[in-house]
Amino acid sequence: MGRGRELRQLDLFQWGGSVGGPIVPGRLHFFVAADRQDSSEPLAIADLRTARDEIEAQVAADSLARMLDILQTTYGLGAQPQVGVFSRRPVANTLFARLDWMIGEAHRLTVRHSYSTFESPHNGVGDQIVALFESRSSAVSRDHQTLVSLRSTRGSVENEARLGISFSSRELTANTLIPRGFVRVRSLLPDGATGDARLQFGGNRLCSVPRFERQFRLRLGTCQEQGGAVLVRGLIAERRVRRHGVVISEPGGQ
């Protein structure tokens, strides 16, 4: 729907920093970096301010108001606003750390770890073009990634062992846990046409089902120079664990 500048404005604020240096000069070094992003995004839900808005949504403002009144008086819809402009404030955080250790003249150990989170409130939409505020959901994601590597050099032979571990989780939280419902609304639009819209109220079918993935990866490799050729040998072992599901019944389902 067409919106004025005040309803399309996106405020974005980023800040961060890094620090690093020797713990033991020539032997042990560290590096840490952090970043954060805060944003403000207006969320418009059936914000029928003009005739153009009603035509695009295919529902008249007075018909929408009557539907909300029926839901509140008969079906227990809360008194909090369900349509209009709402505030959304997504937040993203990232942290990275690295440690380098020269164990000896021929051995070097490196440990890296990164952690990130993202919180996105009310980003999940319903099944219809017009879905009330209670039909939305919020998402939270978290990711951990760790890599440990040990590299050893003996003459023309270089051995390396790498262990990677990653963990990620995603969670959707519905604004309400009641079953979802649909209403077909036919109304007279400002241009004389008959609007035909299906509006959603109640819960979101993507309810509070946490999803996660764990992955472990081990790599052993050897690189050797022989004359003018380079010989590479290696072994990779990997294990992955996932849990992913969507509940389409109670709570938050239909």
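This report walks through the strands, the nonpolar core and a few individual residues of the structure above.

**Confidence first**

Please keep in mind that this is a predicted model. The mean pLDDT of the chain is 85, and 91% of its residues reach 70 or more. Among the elements, strand β4 (residues 91-102) has the highest mean pLDDT, at 96, while helix α1 (residues 5-8) has the lowest, at 54. Over residues 246-254 the pLDDT is below 50, although this stretch has 28 contacts in the model beyond near neighbours in sequence. Where pLDDT is low, the predicted coordinates should not be read in detail.

**Strands β7, β8 and β11**

Let us start with strand β8, which has a partner in each of two other strands. Strand β7 (residues 137-154) and strand β8 (residues 157-174) pair in the antiparallel sense, and 18 bridges join them. If you look along this pairing, you will find A139 matched with L172 of β8 as its bridge partner. β7 and β8 form a hairpin with two residues between them, and G155 in the turn has a positive phi of about 65 degrees.

β8 also pairs with strand β11 (residues 211-226), again in the antiparallel sense, over 14 bridges. Here F167 has R214 of β11 as its bridge partner. R214 is worth a second look: its charged end sits over the ring of F212, 4.6 Å from the ring centre. As for aromatic rings among themselves, the structure holds three aromatic pairs.

One more residue of strand β8 deserves a mention, namely R170. Is R170 buried, exposed or partly exposed? With a relative accessible area of 34%, R170 is partly exposed, because that value falls between the 20% limit for buried and the 50% limit for exposed. R170 and T117 are 53 residues apart in sequence, yet their C-alpha atoms are 9.9 Å apart in space.

**The sheet of β6, β10 and β9**

An open sheet of three strands has the order β6-β10-β9, and its pairing is mixed. Its edge strands are β6 (130-131) and β9 (181-188), each of which pairs on one side only. β9 and β10 run antiparallel and are joined by eight bridges. Within this pairing, R184 has R198 of β10 as its bridge partner, and F182 stands opposite Q200 in β10. β9 and β10 form a hairpin with five residues between them, and G192 in the turn has a positive phi of about 90 degrees.

**The largest nonpolar core**

Nonpolar side chains tend to be buried together in soluble globular proteins. Which residues touch the most other members of the largest nonpolar core? Of its 19 residues, they are V59, L64, M67, L132 and L199. The elements that give two or more residues to this core are β2 (28-45), α3 (61-74) and β10 (194-201). Of these, α3 gives the most, with four residues.

L199 makes a good place to zoom in. Leaving aside residues up to four places away in sequence, L199 touches L64, M67, V130, G181, F182, V183 and V185. Two of the names there, L64 and M67, also appear among the residues that touch the most other core members.

**Positive phi outside glycine**

Most residues other than glycine have a negative phi. Two residues that depart from this habit are set out below.

| Residue | Phi | Place | Relative accessibility |
|---|---|---|---|
| Q58 | near 60 degrees | loop between α2 (51-57) and α3 | 28%, partly exposed |
| H122 | near 55 degrees | strand β5 (residues 107-124) | 18%, buried |

The burial label for H122 rests on a cut-off: at 18% relative accessibility H122 counts as buried, because buried means under 20%. Q58, at 28%, counts as partly exposed.

**An exposed loop residue**

Finally, where is E105 found? E105 is in the loop between β4 and β5. At 84% relative accessibility, E105 counts as exposed, since the cut-off for exposed is over 50%. E105 and S152 are 47 residues apart in sequence, and 9.0 Å separates their C-alpha atoms in space.

How values were computed. Residues are numbered from 1 along each chain as its sequence is written. This is a predicted model: local features need pLDDT of at least 70, side-chain atom pairs count only at pLDDT 80 or more; totals for chains, interfaces and linings use all residues. Side-chain values use heavy atoms; hydrogens and water are left out. A nonpolar core is a set of buried Ala, Val, Leu, Ile, Met, Phe, Trp, Tyr and Cys residues joined through side-chain atoms within 4.5 Å. Buried means under 20% relative accessible area, exposed over 50%, partly exposed in between (1.4 Å probe, protein chains only). Contact means heavy atoms within 4.5 Å. Two strands pair if DSSP finds at least two bridges between them. Rings of Phe, Tyr and Trp (its six-membered ring) pair if their centres lie within 6.5 Å; planes under 30 degrees apart count as stacked, over 60 as edge-to-face and the rest as tilted. A charge sits over a ring if NZ of Lys or CZ of Arg is within 6 Å of the ring centre and within 35 degrees of the ring normal. pLDDT is the predictor's confidence in each residue, from 0 to 100.
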